[in-house]
Amino acid sequence: MNTLALAGPGPWILFFPLFWAAAIVGVVTVVRRAGWRRGRDLRHRGGGSDEHSPIALLGHRFAAGEIDEDEYWRRLTVLEEQFGRRTTGPEARRK
């Protein structure tokens, strides 16, 4: 007679930790993806740029009168080259 007390649980015991590990990984993946999408949507609804980005700070300085228009466009061109955006300054409008 082969009972559980004499033979032990057998190889099936390995499936329980694997099942729980897969369940935890699945829940973490779903939560991270849902949170990532929610955060991305909120950022894009607010105008597409972060308030603390260099371009936004430059715009705030220009609006506050700390820098003049020429300096604003010069610095914006440098920042857009660094971040890979297209130039929309007065030089691009003249062409």
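Biologist: Which residues form one aromatic cluster?

Modeller: That would be Phe62, Tyr72 and Trp73. Keep in mind that this is a predicted model, where local features need pLDDT of at least 70, side-chain atom pairs count only at pLDDT 80 or more, and totals for chains, interfaces and linings use all residues. Residues are numbered from 1 along each chain as its sequence is written, and side-chain values use heavy atoms, with hydrogens and water left out.

Biologist: How many helices and strands does the secondary structure of the protein chain come to?

Modeller: Five helices and zero strands, running α-α-α-α-α from the N terminus on. These are DSSP runs numbered from the N terminus (helices are H or I, at least four residues; strands are E, at least two).

Biologist: How many aromatic pairs does a search of the whole structure find?

Modeller: Three turn up. Rings of Phe, Tyr and Trp (its six-membered ring) pair if their centres lie within 6.5 Å; planes under 30 degrees apart are stacked, over 60 edge-to-face, and the rest tilted.

Biologist: Why is the pair of phenylalanine 19 and tryptophan 20 called edge-to-face?

Modeller: The ring centres of phenylalanine 19 and tryptophan 20 are 5.3 Å apart and the planes sit at 75 degrees, so the pair earns the name edge-to-face.

Biologist: And what makes phenylalanine 62 and tyrosine 72 a stacked pair?

Modeller: For phenylalanine 62 and tyrosine 72, the centres are 4.6 Å apart and the planes at 20 degrees, so that pair counts as stacked. Phenylalanine 62 belongs to helix α3 (residues 54-63) and tyrosine 72 to helix α4 (residues 69-83), so the pair ties together parts that are 10 residues apart in sequence.

Biologist: How do you know whether tyrosine 72 is buried or exposed?

Modeller: Check its relative accessible area: under 20% is buried, over 50% exposed, and in between partly exposed (1.4 Å probe, protein chains only). Tyrosine 72 has 15%, so tyrosine 72 is buried. Its partner phenylalanine 62, at 33%, counts as partly exposed, while tryptophan 20, at 54%, is exposed. Over the protein chain, buried residues make up 15% of the 95 residues.

Biologist: Which residues are buried in α3?

Modeller: Ile55, Ala56 and Leu58 are. They cover an arc of only 160 degrees around the axis (taken from the directions from the helix axis to the C-beta atoms), which means they are on the same side of α3. The buried residues of α3 pack against α4.

Biologist: Why are α3 and α4 called roughly antiparallel?

Modeller: They pack at an angle of about 175 degrees, with their axes 10 Å apart. Angles under 35 degrees are roughly parallel, over 145 roughly antiparallel, 65 to 115 roughly perpendicular, and the rest oblique. So α3 and α4 come out as roughly antiparallel to each other. The axes are lines fitted to C-alpha atoms, for helices over the stretch in contact, and the angles run from 0 to 180 degrees between N-to-C directions.

Biologist: Which residues in α3 meet α4?

Modeller: On the α3 side, Pro54, Ile55, Leu58, Gly59, Arg61 and Phe62; the α4 residues they meet include Tyr72, Leu76 and Leu79.

Biologist: What does leucine 79 touch?

Modeller: Leaving out residues up to four places away in sequence, leucine 79 touches Pro54, Ile55 and Leu58, where contact means heavy atoms within 4.5 Å. The C-alpha atoms of leucine 79 and isoleucine 55 are separated by 6.8 Å, though the two are 24 residues apart along the chain. At 14% relative accessibility, leucine 79 counts as buried.

Biologist: What makes arginine 61 and glutamate 66 a salt bridge?

Modeller: The term needs a side-chain nitrogen of Lys or Arg within 4 Å of a carboxyl oxygen of Asp or Glu. The closest N and O atoms of arginine 61 and glutamate 66 are 3.1 Å apart, and they form a salt bridge. Arginine 61 is partly exposed at 32%, and glutamate 66 is exposed at 55%.

Biologist: How many salt bridges does the structure hold?

Modeller: Two. Arginine 75 also forms one with glutamate 71, the closest N and O atoms being 2.7 Å apart. Both lie in helix α4, four residues apart, about one turn of the helix. With a relative accessible area of 34%, arginine 75 is partly exposed.
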